[in-house]
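Here are my notes on the model you sent round. I've kept them as numbered points so you can follow along with the structure open.

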Amino acid sequence: MAVSGRAVLESLADCAREENMSRHSVGRGLCSPVAALVLLVCLGAVTARAGGASSFVHWETPHVRPLALTPDGRLLLATNVADNRLEIYHVSHRTLILAASIVTGLDPVSVRARSATEAWVINHVSDSVSIVDLEQRRVLRTLNVGDEPTDVVFAGTPERAFIAMSQLNEVWVHDPADLSAPPTVVPIAGEDPRALATDGQRVYAAVFESGNRTTILSEFEVSGGGPYGGVNPPPNDGASFSPPIAIDLPTPPPVGMIVRKDGLGRWLDDNNGDWSGLVTWDLHDHDLAIIDAGTLAVSYARGLMNLNMAVAVRPDGQVTVVGTDGINEVRFEPNLRGGFVRVLMATVDPESPDAPAIVDLNPHLDYSTHTVPLETRRQSVGDPRGVAWNAVGDVGYVTGMGSSNVMVIDSAGQRLGRIDVGAGPTGVVVDDARAQVYVLNKFDGSISIIDANARTEVAQVPFFDPTPTVVKAGRPHLYDTHATSGLGQASCASCHPDARMDQIAWDLGNPSGAIQDFNQICLTFPVFGSCEDWHPMKGPLVTQTLIGSDSSSPLHWRGDRGELADFNPTFVDLHGADSELTDAEMDAFADFIATIKFPPNPNRNLDGSLKTTPLSNGGTPRIGGEHFDACAGCHFPGQGFNFGIAASAFRGDSQSFNVSHLRNMYEKTGFDMTRTDNNRGFGFLHDGHADTMFRLMLHPVFGPDGGSPTFTDDPAGLQARRDVEALMLSDVEPLNEASTIPVIGRQETLVTGPPIDPQERAAVRSLIDIIDAQQLDNAEIVVAGVVEGVSRGYRYQGTGMFQSDRATEVLTLEQLVAVGGPGNRLTFTAVPTPNADRVGLDRDQDGAFDRDELDVCSDPADASSTPANPGGGGDADGDADVDISDFGAFAFCQAGPGLPNAEICGCRFDDDDDTDGDLQDFAAFQTRFSGAK
């Protein structure tokens, strides 16, 4: 097992002792830049977990709309996130025949067919759209867009493309006939507009992190008044606590309070206490944005759920949204056990969006118990990521990524059936002409074919998935709702979707629990005393991201978890599972989490440097970096934390809290207590009560009295706070090991000539210059395109040279462009160094380059197939079995041009190993088929 958080603590303790610092109460010297540097030196060898796969850097990017049918129903399009490709299948009855596999950008999460011959692929990490010619099997153009695009639809007259920019809270509207024109930007008043749908005249954007009308009151507000006269913590069951407070517990610390807005506009707690007089701000709770495709006017539907995951329009014009809703206003872990989240479907009439109909998609659960028998759990749907309707609109399909099944529902959301499919189903498409439903299984790397009449899975077609074992082995422990919860509908991903955060707070304390002895390093000034032991009534804590947790021990807001394994009791205590994970399973979970990186920070320059111009907050990141030494004593550069706990008296809190990391602060904006139209109800600090970082830094502990002379109360000091806020929105210097340099994913498509467009050439040159000038050791360039009618790949070696996917061929940029030939396209993409060979040259990492394999009809997507041993035909549809569907696939490939490309037909069906697919292979295939029978 890799280095654990406990090992980090032990090394830190040794380092602390060497500096004559007590393990339980460390003096003033620890919160100084010099001492911070000493600790960094001591920790240098133990801050990272070795759980990652060296040839696979990934971001656990969520699927949004990974499947689409072309309008003529001839082709099924599937995004292959792990392999950065669009898989194109010819659709046949009960089988899919691979027609082409086209390299796109990094992490393609959605695809839509604009016509029978053109598809748009949304590349989430690349911040781009690949426009694909489905006949020529090539990328025609790369459209660079805003940060973290998620989905696209086509609507309006004339037709325009609507693209969701999830990180920007915008929808960009492009004219497909003039992509050189700048887009019209439609602001969305909501955090993370993600999935899109359209009825042709309206565009619907599901707001993923919409919240659920809950917000936070700080411990000081709760203690200062309210419905309980300042009693803190207030009771949650009349005048009592449920569960009752253990007799031997000391007085619990004062804590904040989560309140939820009811239908009458009152802010109530879980005991019906009315706190409305203390909530001076408001939330708009926009769950579904409704955009008029003609005027671009926006209206909203409210009150659906806090994570709106997928959206579809029924043929009758009604809009359906599926997702989950957390009941986070309910306090204490025993009261939330097993039932803390609901899986819902909301139906919205766009003509009257204020009256949604909401149903629980798990009607067999009444949540009166925290566990049910395993067979009952298997009836549950968890983590719904897709919804689609048949042409009539009376039958719908909802995919459960966490439950590995598909729920069949009627128009009212009532269950008609359940279909078990592959692991991690996300995208779903209905093929009415063939009475089939297609489901993309993210974790399996496959597509399930469902018989819509029999409501059973009839086939499962795998596609090439380079996801390493460390990811596949650990993923189920994050997502699997049947294996990790008592009711079958919840998992860690319910609050940590895609290893991230649900953007709300939870009070998971336990009045009947026990005191936990403090065993971490306490950061304090002598006059403030030491850190207290951990009381089980911890109060509200906002959900934290799991990304980077492998190197930031101790964990959780109070630092009461030394490493991820210390959360194991949560599977039983909160999820209601029958047992904790085994040690081996917990190690696999931790190793999986250790592989995930943060996506590129949008507030940095492409080369990773800090911007020298102000951000929207009015602060300049580079200047903020010059002031960060005032913060570096407790927030180490490159990390943001320092492996210690800040004593409660240091900041004037009732409890001691972990020095938190500063890695994803730009994800937490959207809360401002001076506004009544907030996107979120929670901000910064442990319970989210600090609405903005600027106001957080107005606390005296960050001013001259706290030892930071930079942060004075005059205009210069206030501007310094703005600058440091801008720095933290950009990640502190230097970028840490869990970060991604923003150039990663950047794409430029060059139309080869002559003539060559000078702007396209300049863009490619600029991308190369970033790699050359910065001498980045973790970013490289790969090139993909169609050259002389066949797909090709290249990797930039530096010094102007490109290695091709033929091992003996090395080209300059000028030679590469010339080989491309007039009118061909080459797409240049910056990728992480560990991924470069796989993406550019050797897809299956078997040591044989892709074109060298294809030249002799071995399979570059099969490590067991090499030029020395290409393998035989027979398995024509790639499902690892020789059966009747292979006969149909073989016959299809002989049917004429304009269907699968020559590489697919010429090699996959080359049964006589002469590097050509022809009628002579038919006899060989018949022999194989007869033998298989």
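**Notes on the predicted model**

1. Let's start with two aromatic residues: Trp120 is buried, and Phe154 is buried as well. Bear in mind as you read on that this is a predicted model. The rings of Trp120 and Phe154 pair edge-to-face, with 5.2 Å centre to centre and 85° between the planes. This pair ties together distant parts of the chain, since Trp120 sits in strand β6 (residues 118–123) and Phe154 in strand β9 (residues 149–155), 34 residues apart.

2. A second aromatic pair worth a look is Tyr796 with Phe802, which is tilted: 4.9 Å centre to centre, with 50° between the planes. Tyr796 has a relative accessible area of 4%, and Phe802 comes out at 0%. The cut-off for buried is under 20%, so Tyr796 counts as buried and so does Phe802. Ring pairs also bring in Phe828, making a cluster of Tyr796, Phe802 and Phe828.

3. Which residues touch the most other members of the largest nonpolar core? They are Ile781, Val783, Phe802, Leu816 and Phe828, out of 31 residues in that core. Two or more residues each come from α15 (758–774), β38, β39, α16, β42 and α17. Another core, of 30 residues, lies apart from this one, and includes Ile122, Val129, Val321 and Ala346. As background, nonpolar side chains tend to be buried together in soluble globular proteins.

4. Now the sheet. Six strands make an open sheet in the order β37-β42-β38-β39-β40-β41, and the pairing is antiparallel. At the edges are β37 (747–751) and β41 (810–812), each pairing on one side only. On average, neighbouring strands of this sheet are turned by 30° against each other, ignoring direction. β37 pairs with β42 (residues 825–832) over five bridges, in the antiparallel sense. If you want one position to find the register, Gln747 has Thr829 in β42 as its bridge partner.

5. Two helices pack on that sheet. Helix α16 (residues 813–820) touches β37, β38 (779–787), β39 (790–798), β40 (801–804), β41 and β42, and its direction makes about 100° with that of β41. Helix α17 (residues 833–840) touches β38, β39 and β42, with its direction at about 150° to that of β42. Which residues of α17 are buried? Asn835, Ala836, Arg838, Val839 and Gly840 are, and the buried residues of α17 pack against β38, β39 and β42.

6. Over to a hairpin: β28 and β29 form one with four residues between them, and Ala435 in the turn has a positive phi of about 55°. Strand β28 (residues 425–431) is mostly covered, with seven of its seven residues buried. Five bridges join β28 to β29 (residues 436–441), and the two run antiparallel. Within the hairpin, Val428 stands opposite Val439 in β29.

7. One last spot to check is Asp192, in the loop between β12 (184–187) and β13 (193–198). Is Asp192 buried or exposed? Its relative accessibility is 8%, so Asp192 counts as buried. The Asp192 side chain makes a polar contact with the side chain of Arg194, at 2.5 Å. Setting aside neighbours within four places in sequence, Asp192 is in contact with Ser166, Asn169, Ala206, Val207, Phe208 and Glu209.

Definitions and conventions. Residues are numbered from 1 along each chain as its sequence is written. This is a predicted model: local features need pLDDT of at least 70, side-chain atom pairs count only at pLDDT 80 or more; totals for chains, interfaces and linings use all residues. Side-chain values use heavy atoms; hydrogens and water are left out. Two strands pair if DSSP finds at least two bridges between them. Axes are lines fitted to C-alpha atoms, for helices over the stretch in contact, and angles run from 0 to 180 degrees between N-to-C directions. Contact means heavy atoms within 4.5 Å. A nonpolar core is a set of buried Ala, Val, Leu, Ile, Met, Phe, Trp, Tyr and Cys residues joined through side-chain atoms within 4.5 Å. Buried means under 20% relative accessible area, exposed over 50%, partly exposed in between (1.4 Å probe, protein chains only). A polar contact is a pair of N or O atoms within 3.5 Å; within protein, one must be able to donate a hydrogen and the other to accept it, and residues adjacent in sequence count only if both atoms are side-chain atoms. Rings of Phe, Tyr and Trp (its six-membered ring) pair if their centres lie within 6.5 Å; planes under 30 degrees apart count as stacked, over 60 as edge-to-face and the rest as tilted.
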